[in-house]
Amino acid sequence: GIYHVNPEGLAVNKIDLVELSKVAIPYKRAGTELYQKLKMYSDERFVPVVKGEGDIYQIWDKLLSRGSWDNFVSRHPINIDSMFQFLKFVGLLPMDLNGSIEALCEYFKLDGYNFHANVLDDARATFDIFICMSELIKCR
């Protein structure tokens, strides 16, 4: 297939394009599958948990129109970058803690993710970090 990639992003994330091509699916199929999954649970309105909001823009650009997305998903995602800054500000996280997914997983002792081979692991780690950050707040 034809890939639209950012070489710097591949390098930073240590992504092997040959290995990725073994499991990648075309955008059209991915968009259809995402739409069908969201539609299956259409009685609920999803609230995405994100690290930054760039991925949501990529979904709108490559997989689902904004209108289709808005049928199933809240317009107000939970951004763990904002939570991270807030928790540092109120003293619940160290001021010198790095906000990368890897650093946050290390801090919260979360392991078992293969960040550079599977975007699902990025998503799972992001959600698990959200849970850990929420627990910090609940404990107060």
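What share of the 140 residues in the protein is buried? In this predicted model, buried residues account for 29% of the 140 residues in the protein. Their surroundings are built from eight helices and two strands, which follow one another along the sequence in the pattern α-α-α-β-α-α-β-α-α-α. Taken along the principal axes, the C-alpha atoms of the protein fill a box of roughly 45 × 40 × 20 Å.

**Helix H3**

Helix H3 covers residues 27-40 and holds both Glu33 and Arg29, which lie four residues apart, about one turn of the helix. These two residues form a salt bridge, in which the closest N and O atoms are 2.8 Å apart. Glu33 counts as partly exposed because its relative accessibility is 38%, and Arg29 likewise counts as partly exposed, at 45% relative accessibility. Ala30 is also found in helix H3, but with a relative accessible area of 18% it falls under the 20% limit and is therefore buried. The C-alpha atom of Ala30 is separated by 6.6 Å from that of Leu63, although the two residues are 33 residues apart along the chain.

**Helices H6 and H8**

Two packed helices are described by the angle between their axes and the distance between the axes. For H6 and helix H8, the latter spanning residues 119-138, the packing angle is about 30° and the axes are 10 Å apart. Since angles under 35 degrees count as roughly parallel, H6 and H8 are therefore roughly parallel to each other. H6 passes H8 in a left-handed crossing.

Phe89 is found in helix H6, which comprises residues 80-89. With a relative accessible area of 72%, Phe89 is over the 50% limit and is therefore exposed. Together with Phe86, Val90 and Ile137, Phe89 forms a nonpolar patch on the surface, and the accessible area of these four residues together is about 430 Å².

**Salt bridges**

Side chains of opposite charge can pair when their charged atoms come close. A search of the whole structure finds eight salt bridges, including the three listed below.

| Pair | Closest N to O distance | Helix |
|---|---|---|
| Glu33 and Arg29 | 2.8 Å | H3 |
| Asp121 and Arg124 | 3.3 Å | H8 |
| Glu135 and Lys138 | 3.6 Å | H8 |

Within helix H8, Asp121 and Arg124 are three residues apart, about one turn of the helix. Asp121 is buried, because its relative accessible area is 11%, whereas its partner Arg124 counts as partly exposed, at 44% relative accessibility. How many residues separate Glu135 and Lys138, and in which helix do they lie? Glu135 and Lys138 both lie in helix H8, three residues apart, again about one turn of the helix. Glu135 is partly exposed, with a relative accessible area of 36%, while Lys138 is exposed, because its relative accessible area is 62%. In addition, salt bridges that share partners join Arg66, Asp70 and Arg75 into one network.

Terms used. Residues are numbered from 1 along each chain as its sequence is written. This is a predicted model: local features need pLDDT of at least 70, side-chain atom pairs count only at pLDDT 80 or more; totals for chains, interfaces and linings use all residues. Side-chain values use heavy atoms; hydrogens and water are left out. Patches are made of residues with over 30% relative accessible area and no salt bridge: like charges are joined within 9 Å, nonpolar side chains (Val, Leu, Ile, Met, Phe, Trp, Tyr) within 5 Å. Accessible areas come from the Shrake-Rupley method with a 1.4 Å probe; for residues, only the protein chains shown count as cover. A salt bridge is a side-chain nitrogen of Lys or Arg within 4 Å of a carboxyl oxygen of Asp or Glu. Buried means under 20% relative accessible area, exposed over 50%, partly exposed in between (1.4 Å probe, protein chains only). Axes are lines fitted to C-alpha atoms, for helices over the stretch in contact, and angles run from 0 to 180 degrees between N-to-C directions. Angles under 35 degrees count as roughly parallel, over 145 as roughly antiparallel, 65 to 115 as roughly perpendicular and the rest as oblique. A crossing is left-handed if the near helix is turned anticlockwise from the far one by less than a right angle, and right-handed if clockwise.
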